[in-house]
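Student: I should like a close look at one part of this model, taken strand by strand and helix by helix. Please give a single connected account.

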Amino acid sequence: MLKYDENISEYIIKCRRDLHQIPEVGLNLPKTVEYVKNELNNMDIDYKEFKNCTGISALIGKNKNGKVIALRADMDALPIIEETQIDFKSTNGNMHGCGHDTHTAMLLGAAKILKANEDKLNGQVKLIFQPGEEYGGGAKVMIDEGVLENPKVDAMIAQHVMSMPYLKPGQLVTKKGGMMASSDSFKVKIIGKGAHASTPEFSKDPIFMTNQIINMIQGISTRENDVQNPIVISIANIKSEQPSTPVYNIIPNYVELLGTVRCLENESRDFVNKRLEEIVDGVTKTMGGSYEYEYEYGYPALNNDSDMVDYLLNVCDSVFGKNSMLLLPKGAMGGEDASYYFEKVPGVYYGLNSVIEGEEVYPLHNPKVKLNEAVLEKGCKVLVEGAMNFLK
C-alpha cells in the first residue's frame, strides 16, 4: 500500500494559494520557480535547472534500471487582471486564469507522496515543472535542452483543470488520439489605395477587399473540409490605416488582419495555409490591390497514445471506481504545448473538472474564473498512481 500524507490536500491547497498570488507570464518565472525549488529542497529532491527558460526537472527513484515516466505541470499565468474576490487573489496584475497554479501544486503534492514511497518505485519518476505554455512554447525549449534525456523518458502523463458546467466537480476525462488542436497564427496586410470616402471610385478599397476575404475564408472550414475533421479559422483582430484619432471620411490605404487556425489533425495545417494565401491573392488581384502574408506554425495537435489512455483508464477504475474517467467523443480546439512531448514519447493527457458546485461557472482565461480546490487531491492521486503503476 502507498503511504499517503493525511494532510496532502491541505498541502496542495496551500501551495496553490501561495502560487496564485504571484502569477508570472512566459518563459521567465523567477518567483514561481524559487517557490518550487524551495519545496523540492524541503523534500530532499534533487532537481535540474535550464539555461533558456526557468524550467525545472527533478528525479525520484533509486532504481536506475527500470523505466522512467515523466509527470508534467505547466507553471505560467496570463497577462489579465483578476476580478475574483478570493482572499488569495493575484497581487501583481497577472492572473492564473488557466489554472496552472493548481497544476504546479498538484505536482508538488505528487512529489511529496512519491518521495515518501521512493523505496517502492520500480524505476524513476521525472517531474517536469515547465514555464511558457501559454506563450513561448516552454515544452519545446525544455526538450531542446534535453529534458526527456538523462535518463531517457519512456512515457508521460500530463493534466489540465477544466471549467465545464455540464460535468460534475472532480470528473476525469480523456480521449484517444487527437485531444487538443494545433495552434497556428496568420497575419495579412491587404494593400489598396486610399481616397475620400465620398469618392470610392478613386480608391482601391482595402476594406471592401477585406470583407470578401473574410467571407471566403469561412468557406475553407464549411465547404472545403471534411466535417469529421474539425478546423477552426478565426479572425481575431482587424485594423485599418487611420490617423491617431479614427475618422469616418477616409478610405484607408491598407487593412491588417490577425487570426488563428486550429486543426485536430496536423496534416490539415498545410492545406489551410495554402488556401488562405490563395484566397488573399485572388481577391486582391481581382480588385486591384496587393498583399503581404505571414503564417506561423505554432503548437502541433496533441495526440494521446491509445495504449497509455487504456492504461490510465484502468488505473483510475482501480483507484476511484469503474468509469471514473470518461472518454470524450471529440477533441477540444484549444492548443497545448504538451504536444511537443507527445511527439517524442507516448503520453496521455487528461482533464480534471474543477467547477464549484452552486456557483456561476466562468471559463478558463476569464478574469472571474474560480476553481474547486477540493478536487485537487484527486488530480494529484491520478499522477501518483499513474506513475507508480506504470513502473510496475
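Tutor: The account below follows one sheet, the helices beside it, and then a second sheet.

The model is a predicted one. The part to examine is an open sheet of 8 strands with mixed pairing, in the order β1-β2-β4-β3-β5-β16-β6-β15. At its edges stand β1 (47-49) and β15 (325-327); each has a single partner strand, so one side of each is left without a neighbour in the sheet. From one strand to the next, the twist averages 25°.

Strand β5 (residues 155-162) pairs with strand β3 (residues 67-74) in the parallel sense, over 4 bridges. Within this pairing, I69 is placed opposite A155 of β5, and R72 has A158 of β5 as its bridge partner. The pairing of β5 with β16 is likewise described as parallel, and it extends over 7 bridges. One pair here is V161, which stands opposite L352 in β16.

How much of β5 is buried? The strand is mostly covered, with 8 of its 8 residues buried. In a regular strand, side chains alternate between the two faces of the sheet. In β5, A155, I157, Q159 and V161 point one way, while M156, A158, H160 and M162 point the other way, and all are buried. The polar-named positions Q159 and H160 are thus found on opposite sides of the strand, and both are buried.A helix packs against this sheet. Helix α9 (residues 376-391) touches β3, β4 (123-130), β5, β6 (172-174) and β16 (347-353), and its direction makes about 160° with that of β3.

One residue of α9 merits separate attention, namely N389. With a relative accessibility of 27%, N389 counts as partly exposed. A polar atom of the N389 side chain lies 2.7 Å from the backbone oxygen of E385. When residues up to four places away in sequence are not counted, N389 touches Y311 and V315. V348 is 41 residues from N389 along the chain, and the C-alpha atoms of the two are separated by 14 Å.

Helix α9 also packs with another helix. Two packed helices are described by the angle between their axes and the distance between the axes. For helix α3 (residues 100-116) and α9, the angle is about 50° and the axes are 8 Å apart. The two helices are therefore oblique to each other. The crossing in which α3 passes α9 is right-handed. On the α3 side, the contact is made by T102, M106, L107, G109, A110, I113 and L114. On the α9 side, the contributing residues are L376, G379, C380, L383, V384 and M388.

The second sheet is also open. It has 4 strands in the order β10-β12-β8-β13, and its pairing is antiparallel. The edge strands are β10 and β13 (290-299), each of which pairs on one side only. Here the twist averages 15° from one strand to the next.

Strand β12 (residues 254-263) pairs with two strands of this sheet, β8 and β10. Strand β8 (residues 183-191) and β12 run antiparallel and are joined by 8 bridges. Within this pairing, F186 stands opposite G259 of β12, and V188 has L257 of β12 as its bridge partner. Strand β10 (residues 231-240) and β12 are also paired in the antiparallel sense, over 9 bridges. There, the bridge partner of S240 in β12 is V255. Of the 10 residues of β12, 7 are buried, so the strand is largely enclosed by the rest of the structure.

This sheet has a helix lying across it as well. Helix α6 (residues 268-286) lies across β8, β10, β12 and β13, and runs at about 170° to β13.

To draw the parts together, helix α9 packs on the sheet of 8 strands, where β5 is mostly covered. Helix α6 lies across the strands of the other sheet, where β12 is largely enclosed.

Terms used:
Residues are numbered from 1 along each chain as its sequence is written. This is a predicted model: local features need pLDDT of at least 70, side-chain atom pairs count only at pLDDT 80 or more; totals for chains, interfaces and linings use all residues. Side-chain values use heavy atoms; hydrogens and water are left out. Two strands pair if DSSP finds at least two bridges between them. Axes are lines fitted to C-alpha atoms, for helices over the stretch in contact, and angles run from 0 to 180 degrees between N-to-C directions. Contact means heavy atoms within 4.5 Å. Buried means under 20% relative accessible area, exposed over 50%, partly exposed in between (1.4 Å probe, protein chains only). A polar contact is a pair of N or O atoms within 3.5 Å; within protein, one must be able to donate a hydrogen and the other to accept it, and residues adjacent in sequence count only if both atoms are side-chain atoms. Angles under 35 degrees count as roughly parallel, over 145 as roughly antiparallel, 65 to 115 as roughly perpendicular and the rest as oblique. A crossing is left-handed if the near helix is turned anticlockwise from the far one by less than a right angle, and right-handed if clockwise.
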